[in-house]
Amino acid sequence: MTQLITLPYAPDALAPVISPETIAFHHGKHLATYVNNLNAAVAGTEFEDKSLEDIVRSAQGGIFNNAGQILNHNLYFTQFQAPAEGNAPQGRIAELIDAQFGGFEAFKTEFSAKGAGLFGSGWVWLSADAEDKLVITQESNAGNPVTKGLKPLLTFDVWEHAYYIDYRNARAAYINGLWQIINWKEINKRLK
């Protein structure tokens with residue numbers, strides 16, 4: 001049985017980038033609904049005791065959609081920390097970004113553009129392949145890079161429910177704000 005994750009910070013810790021109201025709706029209602037729907041859908045099936053990653057790799061339809069949204073949201077919510085001006089990658093992830101994108105600003109520009117430019121609802125991801133080559137992908141709806149054999153490192157949720165309370169329809173402003181709250185230590189842990 002899948003459980004709703006406990007956030008590793010207080011509901012107001014990400015303000016003003018993400019408000020406590022958005023956290024209450026996005027985590028407490030949207031994500032909780034995906035958890036409840038998945039648990040109901042997998043009861044008595046071959047997926048009942050599988051990990052979220054295994055379900056996402058092999059399921060289709062409603063089971064895939066709910067498991068994908070849970071996995072995506074778990075990675076999204078656990079990558080944040082309190083806002084920090086000038087927040088930038090450190091350690092191994094910084095080295096890879098510098099080598100493959102020519103620096104953090106170039107990476108940030110490309111990643112942000114792909115998030116802002118994704119048509120409809122979905123996610124923009126930074127992932128690594130088996131050789132630690134970094135890849136930026138756009139995934140529609142519940143898509144996750146694990147279905148392509150990649151290791152997800154960083155994601156921005158660009159479904160409107162992620163930002164509409166705080167930013168209305170200004171997706172680019174929301175994306176720009178998220179850079180202040182990325183916990184790069186967590187991204188480095190995911191890279192290992």
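What covers the buried residues of α1? The cover includes α2 (52-58), α3, β3 (151-157) and α6 (164-167). This is a predicted model, and the report starts with that helix.

**Helix α1**

Helix α1 spans residues 20-42 and has 23 residues. From first C-alpha to last, the helix reaches 31 Å. That is close to the 33 Å expected at 1.5 Å a residue. The helix carries a kink of about 25 degrees. The kink is centred on A32, and A32 is itself one of the buried residues of α1.

The buried set begins with T22, I23, H26 and H27. It continues with L31, A32, Y34 and V35. L38, N39 and V42 complete it.

T22 deserves a closer look. It lies in helix α1. Its relative accessible area is 1%. The cut-off for buried is under 20%, so T22 counts as buried. Leaving out residues up to four places away in sequence, T22 touches H27, A162, I165 and D166. Of these partners, I165 and D166 fall within the residue range of α6 (164-167).

Both ends of the helix have a backbone feature to check. In the segment before α1 sits P16. A cis peptide bond joins A15 and P16, with omega about 5 degrees. After α1 comes G44, with a positive phi near 75 degrees.

**The loops on either side of α2**

E48 is placed in the loop between α1 and α2. Is E48 buried or partly exposed? At 39% relative accessibility, E48 counts as partly exposed. Beyond residues up to four places away in sequence, E48 touches M1, V42 and A43. V42 is also among the buried residues of α1. N188 is 140 residues from E48 along the chain, and their C-alpha atoms are separated by 31 Å.

A59 lies in the loop between α2 and α3. A59 is buried, with a relative accessible area of 9%. It touches F47 and F64, residues up to four places away in sequence not being counted. A59 and F47 are 12 residues apart in sequence. In space, their C-alpha atoms are 8.1 Å apart.

**The nonpolar core**

How many residues does the largest nonpolar core have? It has 59. Those with the most contacts inside it are F107, L126, L154, W179 and W184. Helix α3 (residues 61-77) gives the most to this core, with eight residues.

L126 shows how parts of the chain come together. Its neighbours within four places in sequence are left aside here. L126 is in contact with I93, F101, F107 and F111. It also contacts L134, V135 and I136. K151, P152, L153 and L154 complete the list. F107 and L154 thus appear again, as they are also among the residues with the most contacts inside the core.

**Packing around α4**

Helix α4 (residues 91-101) packs against helix α5 (residues 104-117). Helix α4 also crosses helix α8 (residues 184-191). The table gives the two pairs.

| Helix pair | Angle | Axis separation |
|---|---|---|
| α4 and α5 | about 80 degrees | 8 Å |
| α4 and α8 | roughly 80 degrees | within 7 Å |

Angles of 65 to 115 degrees count as roughly perpendicular. Therefore α4 is roughly perpendicular to α5, and α4 is roughly perpendicular to α8.

Which residues make the α4 and α5 contact? From α4 come I97, D98 and F101. From α5 come F104, A106, F107 and E110. In the α4 and α8 contact, α4 supplies G91, R92, I93, L96 and I97. Helix α8 supplies W184, I187, N188 and L191. I97 takes part in both contacts. W184 is also one of the residues with the most contacts inside the core.

**Positive phi outside glycine**

Most residues other than glycine have a negative phi, and most peptide bonds are trans. Two residues go the other way on phi. Phi of N141 is near 50 degrees. N141 is found in the loop between β2 (134-140) and β3. Its relative accessible area is 43%, so N141 is partly exposed.

R168 has a positive phi of about 55 degrees although it is not a glycine. This residue sits in the loop between α6 and α7 (171-178). R168 is partly exposed too, with a relative accessible area of 47%.

Note on methods. Residues numbered from 1 in each chain as written. Predicted model: local features only at pLDDT ≥ 70, side-chain atom pairs only at ≥ 80, totals over all residues. Heavy atoms only, no water. Core = buried A, V, L, I, M, F, W, Y, C linked by side-chain atoms within 4.5 Å. Buried < 20%, exposed > 50% of the residue type's maximum accessible area, 1.4 Å probe, protein only. Helix = DSSP H or I, 4+ residues; strand = E, 2+ residues; numbered from the N terminus. Contact = heavy atoms within 4.5 Å. Expected span 1.5 Å × (residues − 1). Bend = angle between axes of the 7 residues up to and from the residue. Axes fitted to C-alpha atoms, helices over the stretch in contact; angles between N-to-C directions. Parallel < 35°, antiparallel > 145°, perpendicular 65-115°, else oblique.
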